[in-house]
2 protein chains.
Amino acid sequence: MRVACPGCEIRNRALCAGLSDAELAPLSALKRRRRFAKGEPVIWAGDENMIFANVVSGVLKLNATTADGREQIVGLMYPADFIGRPYASSTRYNVVALTDAELCVFSRKHFEQALRTYDKLKRLLLQRTLDELDHSREWMLLLGRKTAEEKVASFLVQMARQIGRGGCARSPLDEFVLPLSRAQIADVLGLTIETVSRQMTRLRSAGVIDLPTTRSIRVLNEIALSARAEQG
Amino acid sequence: MRVACPGCEIRNRALCAGLSDAELAPLSALKRRRRFAKGEPVIWAGDENMIFANVVSGVLKLNATTADGREQIVGLMYPADFIGRPYASSTRYNVVALTDAELCVFSRKHFEQALRTYDKLKRLLLQRTLDELDHSREWMLLLGRKTAEEKVASFLVQMARQIGRGGCARSPLDEFVLPLSRAQIADVLGLTIETVSRQMTRLRSAGVIDLPTTRSIRVLNEIALSARAEQG
DNA sequence: CGTATAGTTGAGTGTCGTCAATCCTTGTGG
DNA sequence: CCACAAGGATTGACGACACTCAACTATACG
């Protein structure tokens with residue numbers, strides 16, 4: 001028996017994991033692999049020509065902006081995550097590739113058709129959406145009530161977990177490479193570049209982390225880091 | 001033909017609106033009307049004994065807290081909104097009645113059963129959850145990037161819309177009663193009581209709003225209010 | 001090797017938080 | 001009906017944390 005989407009890196013973790021090979025086969029024919037370069041926009045807020053896709057590789061940001069251009073990253077999408085907004089004609093935020101990325105793309109028509117056909121798909125998307133909602137509410141607590149140090153510590157804890165999840169290891173990593181620049185971290189945390197930088201060096205001075213390069217983090221004291229995150 | 005849930009105030013706006021009378025009938029037998037007094041907790045974070053319910057009347061808050069007790073309101077629930085967290089054993093936040101409230105309650109078992117049985121119900125819950133996610137992301141922009149004045153103005157714009165939606169009128173109201181105290185508004189906006197109060201009086205001094213009583217708002221200049229909200 | 005971009009560090013400012021006093025509202029009992 | 005108490009809201013003085021502006025350093029890239 002042939003396996004649908006042979007060689008797909010995320011077959012067992014993405015939404016498709018809820019479908020059998022037989023169920024996936026017709027959908028598989030409608031998908032389109034598409035590459036996006038670092039910095040390239042995937043969806044513009046308000047654009048009706050929306051993309052529905054699974055992230056195969058890379059990291060993307062969802063970001064909202066005020067009228068005068070201030071920016072807030074409201075979500076980060078990793079491999080196996082789903083991008084798109086069913087039941088609405090457009091999204092309220094932009095989606096931009098933070099690294100080179102590969103997506104498994106469907107048209108609105110095909111995806112919504114599949115959503116109607118496969119009950120399981122709907123359930124899985126609902127589960128994912130509920131998880132995202134929980135996550136975004138946790139982030140609201142961070143944005144509204146945490147100090148700069150707590151924000152940065154929370155971000156690093158979260159990052160260690162997320163990067164760990166993607167690889168073979170299932171536990172938080174003690175060393176990893178940030179897929180975000182300082183400016184992007186600032187946009188996630190509702191801070192400025194300078195404040196992020198200062199808090200990073202403070203954590204290093206305190207012996208909680210080390211910064212082998214500006215983009216890589218080594219967690220020296222996970223307990224201390226979690227403590228400074230005030231639950232994260 | 002008898003109508004399921006006769007006299008229910010939210011029959012046509014809540015999740016149940018997606019079900020026909022025939023479909024609703026068996027569910028209707030399993031529901032339980034329950035009243036909560038102002039300030040009474042409905043769900044505790046981490047409690048497995050979770051409630052699944054439609055809000056019939058009143059306003060409730062979802063709030064998250066840090067380990068040391070700082071509080072952030074991450075959601076407000078109005079009549080016809082749905083409360084509960086399917087596919088998880090507990091919620092990460094508390095649900096508390098802000099006013100006297102009436103809920104139409106189901107047990108986890110019955111609700112998840114219904115979710116499995118009725119495809120339409122799943123679709124409607126997915127739609128709602130996606131809407132909530134959009135809303136919470138919009139709020140992340142507010143929490144992370146807006147000034148105190150913009151936060152308060154955004155809150156008032158939003159409130160005028162929300163209260164208007166509930167009544168017969170479908171447009172934003174120019175005068176309404178706040179269901180929240182200053183302290184609760186502060187917890188929604190990630191500010192302190194004092195800052196909320198100062199911004200309110202600033203808006204009044206500027207002739208944008210009037211405050212007939214501390215709990216009621218009269219919008220004198222909706223355009224100016226929206227402008228100060230930076231899109232809300 | 002030189003330029004451009006990203007990141008760090010420093011000095012000074014401003015917005016919002018803290019602490020405290022006062023005012024207003026609401027409810028209760030004399 | 002009024003006095004009083006209690007909680008909520010407002011206002012003020014002050015301070016701190018994070019932002020702004022700026023200079024400098026490190027890293028990436030041609």
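**Close-up 1. Residue classes and neighbours in the second largest pocket.** In this predicted model, the lining of the second largest pocket divides by class into 17 nonpolar, 7 polar and 13 charged residues. The lining counts 37 residues, and those nearest the centre of the pocket are A:Tyr78, A:Asp81, A:His135, A:Gln162 and A:Arg165. The volume of this second largest pocket is about 1100 Å³. Look for strand S5 (71-77), H3 and helix H4 (148-166) of chain A, each of which supplies at least two lining residues, as does H3 of chain B. Both domain 1 (15-132) and domain 2 (146-229) of chain A take part, each with at least three residues of the lining.

**Close-up 2. The largest pocket and the elements that line it.** Here we turn to the largest pocket, which has a volume of about 1300 Å³. Its lining is made up of 44 residues, with B:Tyr78, B:Asp81, B:His135, B:Gln162 and B:Arg165 nearest the centre. From chain B, strand S5 (71-77), helix H3 (119-145) and helix H4 (148-166) each supply at least two residues of this lining, and so does helix H3 (119-145) of chain A. H3(B) gives the most, with 10 residues. Sorted by class, the lining of the largest pocket has 20 nonpolar, 11 polar and 13 charged residues.

**Close-up 3. The protein surface near DNA strand C.** Both protein chains appear in this view: among the 17 residues that surround DNA strand C, the closest are A:Arg182, A:Ser197, A:Thr201, B:Ala148 and B:Thr195. Helix H6 (193-205) of chain A and helix H6 (193-205) of chain B each supply at least two residues of this surface, and H6(A) gives the most, with 5 residues. By class, the surface near DNA strand C has 3 nonpolar, 8 polar and 6 charged residues.

**Close-up 4. Polar contacts to DNA strand C.** Sugar or phosphate holds 63% of the atoms of DNA strand C within 4 Å of the protein, and the rest belong to bases. Two threonines meet phosphate oxygens of the strand: a side-chain N or O atom of B:Thr195 is 2.5 Å from one, and a polar side-chain atom of A:Thr201 lies 3.4 Å from one. For a contact to a base, find B:Glu194, where an N or O atom of the side chain is 3.0 Å from a base nitrogen of DNA strand C.

**Close-up 5. DNA strand D and its surroundings.** Around DNA strand D there are 18 residues, of which A:Ala148, A:Thr195, B:Arg182, B:Ser197 and B:Thr201 come nearest. Of the atoms of DNA strand D that come within 4 Å of the protein, 65% are accounted for by sugar and phosphate. A polar backbone atom of A:Ala148 is 2.7 Å from a phosphate oxygen of DNA strand D, while a polar side-chain atom of B:Thr201 lies 3.4 Å from a phosphate oxygen of this strand. The side chain of A:Arg198 has an N or O atom 3.1 Å from a base oxygen of DNA strand D. H6 of chain A and H6 of chain B are the elements that give two or more residues to this surface. H6(B) gives the most, with 6 residues. The surface near DNA strand D comprises 3 nonpolar, 8 polar and 7 charged residues.

**Close-up 6. Helix H5 of chain B.** This helix (residues 182-189) is mostly covered, with 7 of its 8 residues buried. The buried residues are B:Arg182, B:Gln184, B:Ile185, B:Ala186, B:Asp187, B:Val188 and B:Leu189. After H5(B) comes B:Gly190, which has a positive phi near 70 degrees.

Definitions and conventions:
Residues numbered from 1 in each chain as written. Chains lettered and ligands numbered in written order. Predicted model: local features only at pLDDT ≥ 70, side-chain atom pairs only at ≥ 80, totals over all residues. Heavy atoms only, no water. 1 Å grid on protein atoms, 1.4 Å probe; cavity = no way out; pocket = protein on both sides within 12 Å on 5 of 7 lines; lining within 4 Å. Points joined across faces, edges and corners; volume = space filled by probe spheres on them. Helix = DSSP H or I, 4+ residues; strand = E, 2+ residues; numbered from the N terminus. Nonpolar A, V, L, I, M, F, W, Y, C, P; charged D, E, K, R; others polar. Domains from an automatic or database assignment. Near = heavy atom within 4 Å. Polar contact = N/O pair within 3.5 Å; in protein donor to acceptor, adjacent residues only side chain to side chain. Buried < 20%, exposed > 50% of the residue type's maximum accessible area, 1.4 Å probe, protein only.
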